[in-house]
Amino acid sequence: MSGCYALIVAAGSGQRFGGELPKQYSPLGGGTVLEASIGAFLAHPKIDGVRCVISKDDADIYHKSISHIYEHSLLSPVFGGETRQQSVLSGLESFVEENPDKILIHDAARPFVSAELIENIISSLEKSPGAIPTLAVVDTIKSCSDGLVDKTVPRDSLFRAQTPQGFRFKEIITAHRELIKESMTDDASILEKSGLTVAMVAGSEQNFKITTQDDYDRAKGYLNMLGGGFETRTGFGYDVHRLVDKNDDEGGIRLCGVDIPFNRTLLGHSDADVGLHALTDAIFGAIGEGDIGEHFPPTDSRWKGLDSEVFVARALELVGEKGAKINNIDITLVCETPKIGPHRNHMRARIASMLNIDKSRISVKATTTEGLGATGRGEGIAAQAVVTLSLPV
Ligand code: MG
């Protein structure tokens with residue numbers, strides 16, 4: 001038993017919202033409400049995995065609405081039930097195999113949950129089986145019936161509950177199983193009913209829930225204030241591999257994933273695809289994740305002769321884990337021969353399929369150095385790559 005997982009509850013139909021799409025799938029900034037909520041947990045170093053509970057009818061919308069997230073970085077979603085409680089229980093049951101130590105249950109419609117709040121909830125679980133974010137009630141509270149005020153309710157001991165609500169996994173799943181027939185509006189109530197303590201953690205007004213169209217407008221306004229919810233990052237990559245003579249039948253090189261017939265070959269530990277190496281380094285650079293040599297040390301025999309697409313896939317996986325999305329790529333290959341022009345479109349298509357983005361976002365150019373320097377003398381081929389990507393703020 002170990003680890004801390006997040007369960008994002010996205011199974012609601014949002015009757016009070018009344019939009020074309022349920023609120024969790026509505027656009028927000030460069031992505032969707034759900035992506036923003038998921039992104040907060042995916043990016044948190046203390047969260048080991050994230051899973052959504054969705055409605056069976058929404059499977060298609062779900063996949064479309066997380067298009068900026070590398071899907072493998074998420075656990076596959078599970079289907080919810082008729083009530084919120086049934087949905088949460090299906091979500092909890094899906095973690096039985098992982099058997100986590102702690103679980104955080106979060107409303108998909110609270111896209112502005114902060115890393116600090118997630119951290120505070122997790123650390124409260126060291127002392128208490130449950131912990132929830134709370135906010136003081138600032139308005140005066142009235143008890144009313146038949147259109148008339150009966151009395152004013154003292155508000156000193158009243159608080160508003162938010163999510164993520166954190167629990168020790170064993171306790172919350174046991175309580176949910178026992179009390180599945182009860183109707184409660186949050187998960188902490190389930191734990192309270194079982195007589196277990198729930199600690200208070202300071203919530204945040206910014207962590208509001210999108211319930212109505214007014215809330216949705218507020219969310220969009222708040223995001224505009226933050227600069228659209230994404231920041232643009234740029235990464236640069238550079239690589240050179242040595243060219244050597246070979247017999248005709250041993251020649252040929254691979255550039256940007258495309259095999260090119262050539263009477264010479266590139267030397268390298270892997271397949272020596274200098275274009276994909278520059279690209280991989282540019283992606284690592286844009287997300288501040290070191291370089292290719294750090295992730296795939298040349299001293300490791302596992303990478304010998306390896307297809308460099310594997311390097312690109314690893315970089316893309318990290319991009320996905322950060323909830324980031326690649327905007328565009330520009331690669332320049334530097335060599336006198338072979339001619340790159342005839343292969344350019346094929347290279348763009350290969351990279352587009354590796355990165356799962358449109359070919360129009362990828363450029364491959366080539367230049368010579370007019371016979372000057374190492375590339376000019378044909379001693380090697382060099383490649384430069386620039387990548388821009390959008391990273392959630
Ligand atoms: Mg290299």
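This briefing describes the fold, the metal site and the nonpolar cores of one protein chain.

The model is predicted, and its 393 residues include a buried share of 48%. The secondary structure comes to twelve helices and 19 strands, and the C-alpha trace spans about 95 × 40 × 35 Å along its principal axes. Among contacts between residues at least 6 apart in sequence, 73% join residues at least 24 apart.

**The five-stranded sheet**

- An open sheet is formed by five strands in the order S16-S13-S19-S17-S18, and the pairing within this sheet is mixed.
- The edges are taken by strand S16 (264–266) and by S18, each of which pairs on one side only, while the twist from one strand to the next averages 20°.
- S13 and S19 pair in the antiparallel sense over 13 bridges, and one of the residues involved is aspartate 239, whose bridge partner in S19 is alanine 383.
- H8 packs on the sheet, where it touches S13, S17 and S19, and the direction of H8 makes about 155° with that of S13.
- H11 also packs on the sheet, touching S17 and S18, and the direction of H11 makes about 140° with that of S18.

**Strand S17 and its partners**

- S17 is largely enclosed by the rest of the structure, because seven of its ten residues are buried.
- Towards S19, the pairing of S17 is antiparallel and extends over nine bridges, with lysine 325 having serine 390 as its bridge partner in S19.
- Towards S18 (residues 362–367), S17 (residues 325–334) runs parallel, and six bridges join the two strands.
- Within this parallel pairing, isoleucine 329 has isoleucine 362 as its bridge partner in S18, and isoleucine 331 has valine 364.
- The connection between these two strands involves helix H11 (residues 344–355), and S17, H11 and S18 together make a right-handed β-α-β unit.

**The magnesium site**

- The protein donors of the magnesium ion are Asp239 (OD), His241 (NE2) and His277 (ND1), and these donors lie 2.1 to 2.2 Å from the ion.
- Along the sequence the donor residues follow the spacing D-x1-H-x35-H.
- The two histidines link distant parts of the chain, since histidine 241 is in strand S13 (residues 230–245) and histidine 277 is in helix H8 (residues 274–286), 36 residues apart.
- Histidine 241 has a relative accessible area of 12%, and therefore counts as buried under the 20% cut-off.
- Histidine 277 likewise falls under the 20% cut-off, so at 7% relative accessibility this residue is buried.
- The donor Asp239 is also the residue that has alanine 383 of S19 as its bridge partner, which ties the description of the metal site to that of the sheet.

**The nonpolar cores**

- The largest nonpolar core holds 48 residues, of which Leu255 and Ile351 touch the most other members.
- The elements that give two or more residues to this core are strand S14 (253–255), strand S15 (258–260), H8, helix H10 (309–321), S17, H11, S18 and strand S19 (380–392), and H8 gives the most, with eight residues.
- A second, separate core of 28 residues includes Ile38, Ala40, Phe41 and Cys52.
- Isoleucine 351, when its neighbours within four places in sequence are left aside, is in contact with Cys256, Leu276, Leu279, Ile329, Ile331, Ile362 and Val364.
- Among these contacts are both residues of one bridge pair, isoleucine 329 and isoleucine 362, and both residues of another, isoleucine 331 and valine 364.

**Methionine 347**

- Methionine 347 lies in helix H11, and with a relative accessible area of 0% this residue is buried.
- Leaving aside neighbours within four places in sequence, the contacts of methionine 347 are Leu255, Cys256, Val258, Ile260, Leu333, Ile340 and Val364.
- One of these contacts, Leu255, is a residue named above for touching the most other members of the largest nonpolar core, together with Ile351.
- Methionine 347 and methionine 200 are 147 residues apart along the chain, and their C-alpha atoms are separated by 55 Å.

Definitions and conventions: Residues are numbered from 1 along each chain as its sequence is written. This is a predicted model: local features need pLDDT of at least 70, side-chain atom pairs count only at pLDDT 80 or more; totals for chains, interfaces and linings use all residues. Side-chain values use heavy atoms; hydrogens and water are left out. Two strands pair if DSSP finds at least two bridges between them. Helices (H or I, at least four residues) and strands (E, at least two) are DSSP runs, numbered from the N terminus. A crossover is right-handed if, with the strands pointing away from the viewer, the path from the first strand over the helix to the second runs clockwise. Donors are N, O and S atoms within 2.8 Å of the metal (3.2 Å for Na, K and Ca); water is not among the atoms, so sites may look incomplete. Buried means under 20% relative accessible area, exposed over 50%, partly exposed in between (1.4 Å probe, protein chains only). Contact means heavy atoms within 4.5 Å. A nonpolar core is a set of buried Ala, Val, Leu, Ile, Met, Phe, Trp, Tyr and Cys residues joined through side-chain atoms within 4.5 Å. Axes are lines fitted to C-alpha atoms, for helices over the stretch in contact, and angles run from 0 to 180 degrees between N-to-C directions.
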